[in-house]
Amino acid sequence: MHPTELSMQAADVTEWFQDNGEGLAVGVLRILLIVIAAWVVRALAKRAISRVVQRILQPSNGDTPRRGRGPAVLQRDPSRARERREQRARTIGAVLTSIVTVVIAVMGLAMVLGELGIALGPLLASAGVVGLAIGFGAQSLVADYLSGLLIMAEDQYGVGDIVDLGEAVGEVENVGLRLTQVRDLNGGLWHIRNGEIMRVRNDSQDWARAVLDVSVAYDSNLDTVYRVLEETGLALRNDPEFADVLLEDPSVWGVQSLDADGVVVRMAAKTQPLKQWAVTRELRRRVKEGLDAAGVELPFPQRTVWLREGADGAVPSPRGDASHATPVKR
């Protein structure tokens, strides 16, 4: 290139900077201010999220084991409660941090593009179309994540709880934003999408109830049965091994049903979470011993045989006259 042309181009560049230098410096300064402001806002938001996480990690009154015999006493394993709090805090903190980072980054990028003179209308329209397509295609995934976040925020269940999610019944091993893992009684691990969980029965929150149905023969004295059940419940309550497990004295609710083979009497006791099955097994053993000692018979299946007698006293064939049929219980 000829030296004269180079000198002319240099002069044009110098003149352009002289004319637009002030505006360029102001634009760069504004972009720097936008970046710094976005960084400061993200730092403040992250600090606020850390406070929320620390608040979740603080043990509540229900997580501290207490001695007592009242229905309001909440007994939980401290290590398990700590694990649940840490999992909830980590997950909620990570989700909130990601959401805040994405929102601030998008807003900051839009402001920077505006300072550069790039039209945001077509970009926003294109992003809206793409977002709508992704939303339709991944709506089940979004539902899973939203449901998982609500499950953790509301503490519906956590690691170590015994839950009933429909077909999956067992102990919760992991709670994520998308999936919940439940180990059933046979050792199978269920993976359930959070968006498909319509209802949950949690047997581990606050307190549980041990319910025992005792069936006795029809000729048994119900007053004696009630006395045996009440004495058995009080003896279990006073047993040091079960004193902290039972939250109140077991009570006899009365006759539950009249079955074909016997009378069913129900008793119940409020227990610590996850202890209702052990209490029911022990009550069943002691009730059996108490009824045997009181001479109360347990029912047995009753079967009726119809015998048809003829005029001469002989038993005819099953096609004989049914008017002389005599019921005999065996």
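How much space lies in the second largest pocket? About 170 Å³ lies in the second largest pocket, and the legends below take up this pocket after an overview. The model is predicted, with local features needing pLDDT of at least 70 and side-chain atom pairs counting only at pLDDT 80 or more, while totals for chains, interfaces and linings use all residues. Residues are numbered from 1 along each chain as its sequence is written, and side-chain values use heavy atoms, with hydrogens and water left out.

**View 1. The protein chain as a whole.** The chain holds 6 helices and 10 strands, which are DSSP runs numbered from the N terminus (helices H or I, at least four residues; strands E, at least two). Of its 330 residues, 31% count as buried, meaning under 20% relative accessible area with a 1.4 Å probe and protein chains only.

**View 2. The second largest pocket.** Its lining consists of Val95, Ser98, Ile99, Tyr145, Leu146, Leu149 and Leu177. Helix H2 (78-115) and helix H4 (139-154) are the elements that each give two or more residues to this lining. A pocket is an open set of points on a 1 Å grid over the protein atoms alone where a 1.4 Å probe fits, with protein on both sides within 12 Å along at least five of seven lines, and lining residues have an atom within 4 Å of a point; the volume is the space filled by probe spheres set on the points, which are joined across faces, edges and corners.

**View 3. The open sheet of 3 strands.** The strand order is E6-E8-E7, with antiparallel pairing, where two strands pair if DSSP finds at least two bridges between them. Strand E6 (208-216) and strand E7 (251-258) are the edge strands, each pairing on one side only. Between E6 and strand E8 (residues 263-271) there are 9 bridges in the antiparallel sense, and valine 211 has alanine 268 in E8 as its bridge partner.

**View 4. Strand E3 and its partners.** Strand E2 (residues 169-175) runs antiparallel to E3 and is joined to E3 by 5 bridges, with a hairpin through 3 residues connecting E2 to E3. Along strand E3 (residues 179-184), Thr180, Val182 and Asp184 point to one face and are buried, whereas Leu179, Gln181 and Arg183 point to the other and are not. E3 also pairs with strand E4 (residues 189-193) in the antiparallel sense over 5 bridges, and in the hairpin of E3 and E4, with 4 residues between the strands, glycine 187 takes a positive phi near 95 degrees.

Note on methods
Buried < 20%, exposed > 50% of the residue type's maximum accessible area, 1.4 Å probe, protein only.
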